[in-house]
Amino acid sequence: MANDSNKPASRQARFQAIISHCKEYGFIFPSSEIYDGLQAVYDYGQWGSELKKNIKDYWWKSMTQLHDNIVGIDAAIFMHPTTWKASGHVDNFNDPMIDNKDSKKRYRVDHLIEGFADEQSATGNEQLAKDVLASMDALIAKDDFAGLKKLIEDNKIKCPISGTSNWTDIRQFNLMFSTEFGSTVSADDENNKVYLRPETAQGIFVNFLNVQKTGRMRIPFGIAQIGKAFRNEIVARQFIFRMREFEQMEMQFFIRPGTQKEWYEKWKVTRLEWHKSLDMPAEKYRYHDHVKLAHYADAACDIEFEFPIGFKELEGIHSRTDFDLKQHQEYSKKKMQYFDNDVDPATGKPYGNYIPYVIETSIGLDRMFLAVMSQAYEEQDLGTPEKPDSRVVLKFQPKLAPIKLAVFPLIKRDGLPEIAKQIIDDCRSSFRCFYEEKDAIGKRYRRMDALGTPFCVTVDHQSKEDNTVTIRHRDSMEQERVAINKLKEIVLNAIG
Ligand code: ATP
């Protein structure tokens, strides 16, 4: 049945298969696994770190190298504690939580209700699911915690662990991790408390003047950054979708006040185009406008992707007004102004001094990894009734693939390994290659399919005579004979 793969149970099974594949093939391991792991923290293995780096490089290049007016920085994770007072994170970076008194488990209220809605739509109660989500959105927008608790009680939403509806009241919890600075102070001395940044954006705002002045940047311009962020997420059980330590790729675009609507729309479109340029299918994306705006925003939307766990936020586009720069100006007593000597056609005079407005694009690198991985993952049945056969193939776009070219000598002697190694030596400075001589060729192909390697080359006895090899294409599994001296060009064209 064509639609089976879209049923929640099979989507869940697919998600589990992807998680297992990531582990088995060296993409992602649970952190400190020998000690049974650390909840919602993961390590990227030998191939995962390559894939992640390729995604990162593609984002960095498209933001900085391809835009004259965007530059990158790399700010420290630790920042002066006042940063987080000014940004509002100390007071506002909270999520409403509820505890189940029997299991002692704590849930983010929106996640608990969303989980209930997912279950309802999975069992055919689409309308109820929609109504519950709509009520939740309205209550969250009003910070109506009593109303949210009533919604949970009225729908008899149960704790997945204890199975009871014995709930506490809803309370707010701050998601920032803190630690102490220096060696002689105690952790509860407020003045010495530093936070692990919960977003990379503030590192950009506090460097706004440094970059603007030293880079002689003129508005509109952007500052991009890739780096780690930390959030003490309460419910963190969706693999790398929600982690406590994760990586963000953010860009803050500084603009003239009053132009924010136009730039917000522009960046929404530009960012979606970026996703499509990676051959990610358009129908798996949608925008979701925020009903409740964060304390700093005058417009905000998510770019959602259809993960195996459903449509979820992958990237946020936020119109942050002049909130952050203004706050930093107030707390630091340093002017965060820009002098704009372009002439305002309305007055015939320069626009003059102002605090710029900001449009932010913020994408989770790990979520992008999960999007790319779940899009690429395919289980194929290649068998016949007489001869069962199957493969798992990762159909990465070649520029993202961890390994671009695998080279196999057909057998381990007769000078074939030497030719294979020579091919690798000729190519390795241009892209990642992999040499493999163990097992039958078919098995070696399958292993490379499972890592998403777009090209495999087999060196055989004919190679010695005419300097040709067989190249095998991952997706079509087609094989063709090509000259050895054409290989590099073929791969470079594909990863272009
Ligand atoms: P969510 O509603 O899913 O918690 P958010 O709206 O808090 O996300 P933002 O603060 O807008 O997220 O952060 C920007 C991006 O950072 C998100 O779109 C997401 O891709 C990524 N991100 C946020 N929190 C996490 C996390 N705990 N683990 C992995 N990625 C995250």
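**Close-up 1. Arg231 and Arg242 reach the ligand through their side chains.** Let us start at Arg231: in this predicted model, an N or O atom in the side chain of Arg231 is 2.9 Å from an oxygen atom of the ligand. Arg242 makes a similar approach, with a polar side-chain atom that lies 2.8 Å from an oxygen atom of the ligand. With Met243, look at the backbone instead: one of its polar backbone atoms is 2.8 Å from a nitrogen atom of the ligand. Taken alone, the ligand would expose 600 Å², and the protein buries 87% of that area.

**Close-up 2. Strands S10, S13 and S16 each give two or more residues to the shell around the ligand.** Step back a little and you can find these strands at 245–255 for S10, 310–321 for S13 and 357–364 for S16. S13 makes the largest contribution, with five residues. In total, 16 residues surround the ligand, and the closest are Glu233, Arg242, Met243, Glu313 and Leu314. Sorted by class, the shell holds seven charged, five polar and four nonpolar residues.

**Close-up 3. The second largest pocket offers about 500 Å³ of space.** To find its centre, look for Asn54, Asp57, Tyr58, Lys61 and Lys399, the closest of the 26 residues that line this pocket. The lining is made up of 12 nonpolar, seven polar and seven charged residues.

**Close-up 4. Helices and two domains share the lining of the second largest pocket.** Helix H2 (46–65) is a good place to begin, since it gives the most to this lining, with eight residues. Helix H10 (260–276) and helix H16 (487–495) each supply at least two residues as well. On the scale of domains, at least three lining residues come from domain 1 (24–86 + 189–373), and at least three from domain 2 (397–495).

**Close-up 5. A cis peptide bond joins Ile219 and Pro220.** Here the backbone is worth following one residue at a time. The omega angle of this bond is about 5°. To place it in the fold, follow the loop between helix H9 (208–214) and strand S9 (221–230), where Pro220 lies.

**Close-up 6. Ala40 has a positive phi.** This last view shows another backbone detail. Phi of Ala40 is near 65°, a positive value in a residue other than glycine. You will find Ala40 in the loop between strand S1 (28–30) and strand S2 (42–44).

Technical notes: Residues are numbered from 1 along each chain as its sequence is written. This is a predicted model: local features need pLDDT of at least 70, side-chain atom pairs count only at pLDDT 80 or more; totals for chains, interfaces and linings use all residues. Side-chain values use heavy atoms; hydrogens and water are left out. On a 1 Å grid over the protein atoms alone, a cavity is a set of points where a 1.4 Å probe fits but cannot get out, and a pocket is an open set with protein on both sides within 12 Å along at least five of seven lines; lining residues have an atom within 4 Å of a point. Grid points are joined across faces, edges and corners, and a volume is the space filled by probe spheres set on the points. Helices (H or I, at least four residues) and strands (E, at least two) are DSSP runs, numbered from the N terminus. Ala, Val, Leu, Ile, Met, Phe, Trp, Tyr, Cys and Pro count as nonpolar, Asp, Glu, Lys and Arg as charged, and the others, Gly among them, as polar. Domain bounds come from an automatic or database domain assignment. A residue is near a molecule or strand if one of its heavy atoms lies within 4 Å of it. A polar contact is a pair of N or O atoms within 3.5 Å; within protein, one must be able to donate a hydrogen and the other to accept it, and residues adjacent in sequence count only if both atoms are side-chain atoms. Accessible areas come from the Shrake-Rupley method with a 1.4 Å probe; for residues, only the protein chains shown count as cover.
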